[in-house]
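Visitor: Could you take me through one part of this structure slowly, as if I were seeing it for the first time? I would like to know what that part lies against and what it touches.

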There are 2 protein chains.
Amino acid sequence: MEEKFLELKKRLSEVSAINSAAAVLSWDQQVNMPTGGAEDRAAAISVVEELSHAKFTADETGSLITACYGWAQGLGEDSFEASYLRAARRDYDIARKLPADFVGEFSRTTSAAIDAWGKARANSDFKAFSPRLRKILDLNLRKAQFLGYKDSPYDALLDLYEPGATKAGLEPVFKKLADGLKPLIKEINARAGAVSNDIIKGDFDEDAQFALTNEIVAALGYDFSRGRQDRSTHPFTTDFSVNDVRITTRTERDYLPASIYGSIHECGHALYGQGTPREFNFTPLAGGASLGVHESQSRFWENIVGRSLPFCRWLLPLLRKHFPGKFDKVNAEELYVAVNRSAPSMIRVEADEVNYNLHILLRFEIETALLEGRLKVEDAPEYWNAKMREFFGITPAKASEGILQDIHWSLGVIGYFPTYTLGNLISAQLAEKMAKDLPGWKELPEKGEFAPILGWLRKHIHSQGRKYLPGQLLQRELGEPVKVEPFLNYIKAKYSGIYGF
Amino acid sequence: MEEKFLELKKRLSEVSAINSAAAVLSWDQQVNMPTGGAEDRAAAISVVEELSHAKFTADETGSLITACYGWAQGLGEDSFEASYLRAARRDYDIARKLPADFVGEFSRTTSAAIDAWGKARANSDFKAFSPRLRKILDLNLRKAQFLGYKDSPYDALLDLYEPGATKAGLEPVFKKLADGLKPLIKEINARAGAVSNDIIKGDFDEDAQFALTNEIVAALGYDFSRGRQDRSTHPFTTDFSVNDVRITTRTERDYLPASIYGSIHECGHALYGQGTPREFNFTPLAGGASLGVHESQSRFWENIVGRSLPFCRWLLPLLRKHFPGKFDKVNAEELYVAVNRSAPSMIRVEADEVNYNLHILLRFEIETALLEGRLKVEDAPEYWNAKMREFFGITPAKASEGILQDIHWSLGVIGYFPTYTLGNLISAQLAEKMAKDLPGWKELPEKGEFAPILGWLRKHIHSQGRKYLPGQLLQRELGEPVKVEPFLNYIKAKYSGIYGF
């Protein structure tokens, strides 16, 4: 039996190697590629992805999984082999449920939709995009049927990004979160003038910003011998393997936090990738428990660590070093307040810690309503705008700052948005648990002592790789499911302090 | 029949896309990859190359080639289809002649040999490398037997890099070249003190060097919208497709020509790649007629253009701009003399235009003698040193500056070296023909007018892609085979001027 398992491992390690190649092609596309190379690169990525898919979904893979499954589970639920087989079977079953011609149709539709979305957004013309969106919703409904579900087709899609999560499970969590956030937002908006972020706006040399972010992520524990940072239009993290996990950042000359917090966010993802055990490399156990758990890592470092007062105390001398003269008269408390300024925003990706989750809740409501046929595509923009008024008291003037702002739907992705909020919630749960194990950890960043924090995350999260479903992982390591209270307690305490209420 | 041809084109375009992916992986490996990623990257490249090989050598490919061949030739010898089929069949036949287990053994042997060579060279210990070299010679003999040959096994290997070339054909050419060069070298060495290159040695900011080389290659016609330049340990050019042809350069703080002429050399290769017709992209007709013809392009730009007096006149103001103060008291004639200084060198890659080809002739003699069993591996170092004395009057003090200096043999590559000299010879033939079509072209670089020169090369060489074997291409475009006289005339005229004899 061990021989069959070795055969399976060899096969899936080759699939991982091919996926690694595709990831390099995509990274280069976003970081280095000259404009002229676009079409040929798309062709190369497509061929490589097809080869990976063909190898992975071949009957031989299924036979090997079936042959080893029982044997592996017999080695103990927590064994490498048992976890390996669970992850492999899950991926294989999903991949096999989708017929090749459906995957082809899906891919052709979304390829065209991305362009159409780009143009529609540029013209703020939702009607130009709506036929694509209808088609994409239809394809996602069919996808859900192929994958199977009990209550809502949304569950089948959500499960792709956050295994085990369901719409019915998320609804009460999201409602409690919204109920907790709305009064907080009112309090903050009533004091809108109390906080300024002028000190982090201005004119900051972009090479200096890049050098600063390299210094920051190195301090947090990012291993440059197994990764590198570059610049790209949209910051992202990509894992070629456990031993080459790359991040990108984006510098804005007139707005310093874009690079600093972009880098810290991606570094949080990358620390998860770099912390994956070596024996999980090129196996189905690499890659993180779920998108939500992944996002908990990026948000933990970005917000809970990076936007804390102790971190700002550590950061200030670095700012003075990289931008001589600019921060001489600023103190750490002013910096802390500036990087935490909260204000309603039309755009999700520009939203602060308080407002961000309501942007997600809005998308969750619209996605589920559209998919379940409770909302028509043509009525979606007004639904969106009404929700913006309800949550933030503002109305998008045009679709580009409303319903057309996100790329996700044009990519064919429905059911992904909730993972952002799950990440925020889990990050606060991790911070709470960390406080029990490492009393006083929140002060460590002031001295630049990030290693104990990373060590705790390595032990409880990173070292598990993809061995457990996210719900199981939280239960094992935190003794609880996803909860709203830690995040609400954290955000209320923080913002009542900053805005004084 | 056209349907079968379209099927073949689709298939080979997918093979090209996979090869493009492998090239990106390799480029990234040399330009960007963090050290930790080495092992996984090697695995990814190996898997991707196997997929390409499997797809290309599949029976289906052969059936399609056979099915279309006659039909394509019927469309006219010069037609796209006929040329396509000739190139495809040539590649397919070669690939199919080598059994999979032999390819595996070859690859395993050379993988280990590269490491062994690196260590042996570091210790100047030829004996540590000699068992590997014996094995590699043996594998190359077997390779030649698989491929087939008439006179010498060397012919089968040479043909891989320079289709149609034979040992018997090269010998008289190389002899005439050596006979012409030896007296020239004596004249120069007798005047060794007459020329100094001190002005291009010193302390040159490496970022400024890089900026300078970007400006130079852009002026020569390198299209940055379909390529980019980076830095790497060894300069190289790589074609991901016709639309993404990248070059690298190497800066040495204390020696300016390394970056300038490294960039111009690679730019010469890249102009060939970027000049390939779009309809040849992702087909067997992309990639250049042969390594020798490719090298003729790099050498033409590097030496015949880049080391000419008119070019130095154009270059000098650029040097003054990028290195303020350093070239104020230098004139173009001094610069010209400095970049052309000639002196015997132990190391091929450091050799000047006069000496370079004798380094190749030495290797050609040793390679053929070793392969044909006329020279034993253990006697090769002394053979090498004797040739160095004969050609240059110097003796390597250790194997690292003698027989162990090149990586080629450890890569399993025998029969490649002659292409360097063929490139030098062809570059001079091109210059001679160009002078007939474009009288006065040699003065154009002084005014920065490189477009007519590039246009001529585009028309006569680049636009042909891989339609013809190198010998056919030269016959068509120059009306002659590879010849020694143009190079000898060029080099004698140049150096008698510089050294005054």
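Guide: Let's begin with helix α1(A), which lies across the strands β1, β2 and β3 of chain A. Its direction makes an angle of about 145 degrees with β2(A). Please keep in mind that this is a predicted model.

Now look at the strands beneath that description. In chain A, three strands form an open sheet, and their order is β1-β3-β2. The pairing in this sheet is mixed. Strands β1 (229–231) and β2 of chain A stand at the edges with a single partner strand each, so one side of each has no neighbour in the sheet. Going from one strand to the next, the twist averages 25 degrees. As general background, strands of a sheet pair through backbone hydrogen bonds, and they do this either parallel or antiparallel.

How many bridges join β2(A) to strand β3 of chain A? There are four, and the two strands run antiparallel. Strand β3 of chain A covers residues 244–249. To find one of these places by eye, look for Thr237(A), whose bridge partner in β3(A) is Ile247(A).

Let's return to the helix and place it in its chain. Chain A is divided into domain 1 (2–97) and domain 2 (196–346 + 419–480). Taken over C-alpha atoms, the centres of these two domains of chain A are 28 Å apart. Where they touch, 17 residues of domain 1 of chain A are in contact with 15 residues of domain 2 of chain A. On the domain 1 side, the elements giving two or more residues are α1 and α4 (80–97) of chain A. Of these, α1(A) gives the most, with eleven residues. By class, that side of domain 1 of chain A divides into ten nonpolar, five polar and two charged residues.

The helix also takes part in a second contact, the one between the chains. Here 31 residues come from chain A and 31 residues from chain B. Three elements of chain A each supply at least two residues to its side: α1 (2–31), α2 (38–57) and β2 (237–241). Which element has the largest share of the side of chain A that touches chain B? That is α1(A), with eight residues. The side of chain A that touches chain B has 15 nonpolar, ten polar and six charged residues. So far, then, you have met α1(A) lying across the sheet, touching domain 2 of chain A and touching chain B.

Across in chain B, you can look for a sheet too. Three strands of chain B form an open sheet in the order β1-β3-β2, with mixed pairing. Its edge strands are β1 (229–231) and β2 (237–241) of chain B, each pairing on one side only. Neighbouring strands of this sheet are turned by 25 degrees against each other on average, direction ignored. Strand β2(B) runs antiparallel to β3 (residues 244–249) of chain B, and four bridges join them. In this chain, try finding Ser241(B), which stands opposite Asp244(B) in β3(B).

Technical notes. Residues numbered from 1 in each chain as written. Chains lettered and ligands numbered in written order. Predicted model: local features only at pLDDT ≥ 70, side-chain atom pairs only at ≥ 80, totals over all residues. Contact = placed C-beta atoms within 7 Å. Nonpolar A, V, L, I, M, F, W, Y, C, P; charged D, E, K, R; others polar. Pairing = 2+ DSSP bridges. Axes fitted to C-alpha atoms, helices over the stretch in contact; angles between N-to-C directions. Domains from an automatic or database assignment.
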